[in-house]
Amino acid sequence: MYADLNREAEVKRVKEVSQIIAAEQTSNQTKLQNAQHETHQIELNYGDAAKVNTIEVDDRMETNAAIQQQKQLVSLAVENQTILEKRQQRLERLAKSPYFGRIDIDDGFEQETLYIGTATLMDAQDEDFLIYDWRSPIAGIYYNGTLGSVSYQAPAGRQEVKLAHKRQFTIQNDQITNMFDTNETVGDEILQGVLGEAATLYMQNIVATIQREQNDIIRNTSADVLIVQGVAGSGKTSTILQRLAYLLYHSRQKLAAEQVIMFSPNHLFSNYISQVLPSLGEKNMRQVTLSEFFSQRCHHLQVEDKFSRYEHDQQQLPEIAQKMRQFLEAGNILQLVRTYLKQPDFQLKFNDLLLNGETIISQADCVKVYQTLPSQMAWSNKFQQTKNRLIRKLQRLVRHEAQADWVQERVDTLSDYEYQTLLDQQRFDNDEAERLFLGKKIAQLHFEPIYDALYNDYFLDIDQQYLDFLTKNAPTTVAANYWQTRIEHVQAHFERHQLQLSDCAPYLYLRDQLTGGGENHQIQYLFIDEMQDYSPAQLAYLHASFPLAKLTLLGDQAQDLFASSVGLDHFDEEIAALFPHKKVKLYHLNNSYRSTQQITHFASALLPDQQEILAFNRPGPKPQLIICQRLAELNQQVSQQCQRLLTTQSMVAVLTKTEVEAEQIYATLQSDAPVTLMTEKQHHLENGIMIMPIYLAKGLEFDAVIGYNVSAELFQTTTDAHILYTIASRAMHELVLISLGQPTKLITDLDPQLYQK
Ligand SMILES: Nc1ncnc2c1ncn2[C@@H]1O[C@H](COP(=O)(O)OP(=O)(O)OP(=O)(O)O)[C@@H](O)[C@H]1O
């Protein structure tokens, strides 16, 4: 039987469920306190057990057994406590809002009413579900189905049922504040309410209003590589965070949050999204930026980061440089590395290993060892064999040196302390054996830097090897002399211990292939947000670095600020082609939820290749274009607009094209509200006014945005159109664009109806 549909019945049910939750909270709290007390007691006892006599052998064994037993007790108690703590948190979440959806279904045998919330809740007898977790198979119907016949994926296979009713709620504590029936997947009305709200310092989960197209992405568990090309504000980031919560729920036994990595654009963004998973009762995944990842892997080099390269590009980026960059950043560069290694004349480049100016292991030694190995052996194998043989060679040298005069003299002059330390409590039958032992220790210590160098693969001259790779792989798109100049640049950078961003992927891949390193087998899922900011070479390298991980890539080519996807005509398909032997699934999200209809229409029109972008039906004021003739006037306008916007909005961002502009406006902005200049070091959003270059605002949103100086001089190219689109699409409710002098044609060529001058 379906439950009663009238409002009174719903009001009554919410109250009843809330009371059950409250009672559960009280009983669970008592259990939790008991568990905390018990853990504390066991820990105290554990301390006593460890104090037992350890001199007598029998006592010592007994103590060890006691300690083991106590340890087990502690870990059981802690585990029990953790379960209760988690349950308490879950109940707290449910108490704030027990559920948000109801479905009435008929499977041909019985009619059932199900309520959907952020976690499962059973009745006191543990027999009936009072609330179903949104991730349970049957809850999929709520997001996917319109009334009538629907199917869902149950553990036993696909099930067909009839969906008779669907109802949405907004519930605060035990009060229903909004409720209506819908035939839509998830109706507009509640979504209207959610999207009309003010911006928040942390991203919110979207569990109550997940849209059908987003639900497909969230619940896809079959793809090895899942690629989402979605327009600005289409919920890509929200969707993948929900997806991760879904995956963690369904693979509890096999997948832990520690086995998931997300590459995010910057720390501000990482922090902005950090509350979504905890709000769904899940632990956060690890987050890293590309720059951090590369720096970690190239510890002896300073890697150019995307932001400084962007800033530099704004000053100048000659066409030739761009072509060379495209060559190095194309997906097939890793293939070129593999081909290079297969050449018959391929030679490994080695370093001399020196100690106090004296060559201990020479390049010639390395070559000699390397050449004795079978040519058909795999490179990484050959490299490891070479390394092992060089280590053995060093060990022979140490044994030999142990008897050398300088070492024996050193043995004679050891202080008592040195003597004891070197002996390390070892006993010898005769003096000679002891002398030999000490001699060997001294020689080992002496040659320790060489051991380290061998263990850390420093005998491979990867820099020279990479230069050799570049020399043998000149692109056909640029003249030889330009390429030669670039190689010299790379060399000069190596001398200063620097590496340019476009060299990172081929350089590291070459090193990994040669040394057999660089693969992380722990990570099971890799998420890459803002994938358009990664070159195909970087994406391919990340895939090679996490070979067992399933990938979720999401982005929007129209927000490509760094021109990473220049030359890719069919962006997502070309990205998909990077994973030829994998099960790839492509999704497109065309509905934009963030901004008002007016802002979305305006932003979409800025794009050169008019994409299909569907605005959500939420009206607001038209974007405004303001033209100033002098710099002082421009700065004054920014101040005035900030003041005006802050009367109705709480988070206003002034977005600039470059860092220098952000600093300039920060120096002149006058406001009573707090003003923050956001830099890469800043990790938190702030209320009031935030000023930042657009690349730091990636993935973020604000109540109102002021686009700083959208002049014809600064915005001309396709990449500029992408920058402007990204600026405009950060605004939820209001957008103001201010230009110094003639505004960019990107705006003035638009239909004048789209904005207000
Ligand atoms: N189903 C939904 N229910 C409620 N809000 C949603 C939904 N989908 C998206 N949103 C909201 O739309 C806004 C944009 O979402 P999100 O940041 O995930 O989009 P995005 O595609 O990653 O954007 P961008 O590429 O522009 O950074 C957020 O405020 C998000 O909460």
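## Helices over the sheet

Helix 27 (residues 718-728) lies across strand 21, strand 24 and strand 25 (731-740), and runs at about 145 degrees to strand 24. Keep in mind that this is a predicted model.

Helix 26 (residues 659-668) has its own set of strands to lie across: strand 21, strand 22, strand 23 (688-693) and strand 24. Its direction is at about 150 degrees to strand 23.

## The sheet itself

So what is the strand order underneath? The open sheet has 6 strands, and you can read them off as 20-25-24-21-23-22, with parallel pairing. At the edges stand strand 20 (624-628) and strand 22 (675-677). Each of these has a single partner strand, so one side of each is left without a neighbour in the sheet. Going from one strand to the next, the twist averages 20 degrees.

Now take one pair, strand 21 (residues 651-656) and strand 24 (residues 702-708). They run parallel and are joined by 4 bridges. If you want a spot to click on, try Val652: its bridge partner in strand 24 is Ala704.

## A helix crossing elsewhere

Over to another pair: helix 14 (residues 379-401) and helix 21 (residues 501-515). Their axes come within 6 Å and cross at roughly 65 degrees, which makes helix 14 roughly perpendicular to helix 21.

Which residues make the contact? Helix 14 brings Trp379, Ser380 and Phe383, while helix 21 brings Gln513, Leu514 and Thr515. By type, the residues of this contact split into 3 nonpolar and 3 polar, with no charged ones.

Technical notes:
Residues numbered from 1 in each chain as written. Predicted model: local features only at pLDDT ≥ 70, side-chain atom pairs only at ≥ 80, totals over all residues. Axes fitted to C-alpha atoms, helices over the stretch in contact; angles between N-to-C directions. Helix = DSSP H or I, 4+ residues; strand = E, 2+ residues; numbered from the N terminus. Parallel < 35°, antiparallel > 145°, perpendicular 65-115°, else oblique. Contact = placed C-beta atoms within 7 Å. Nonpolar A, V, L, I, M, F, W, Y, C, P; charged D, E, K, R; others polar. Pairing = 2+ DSSP bridges.
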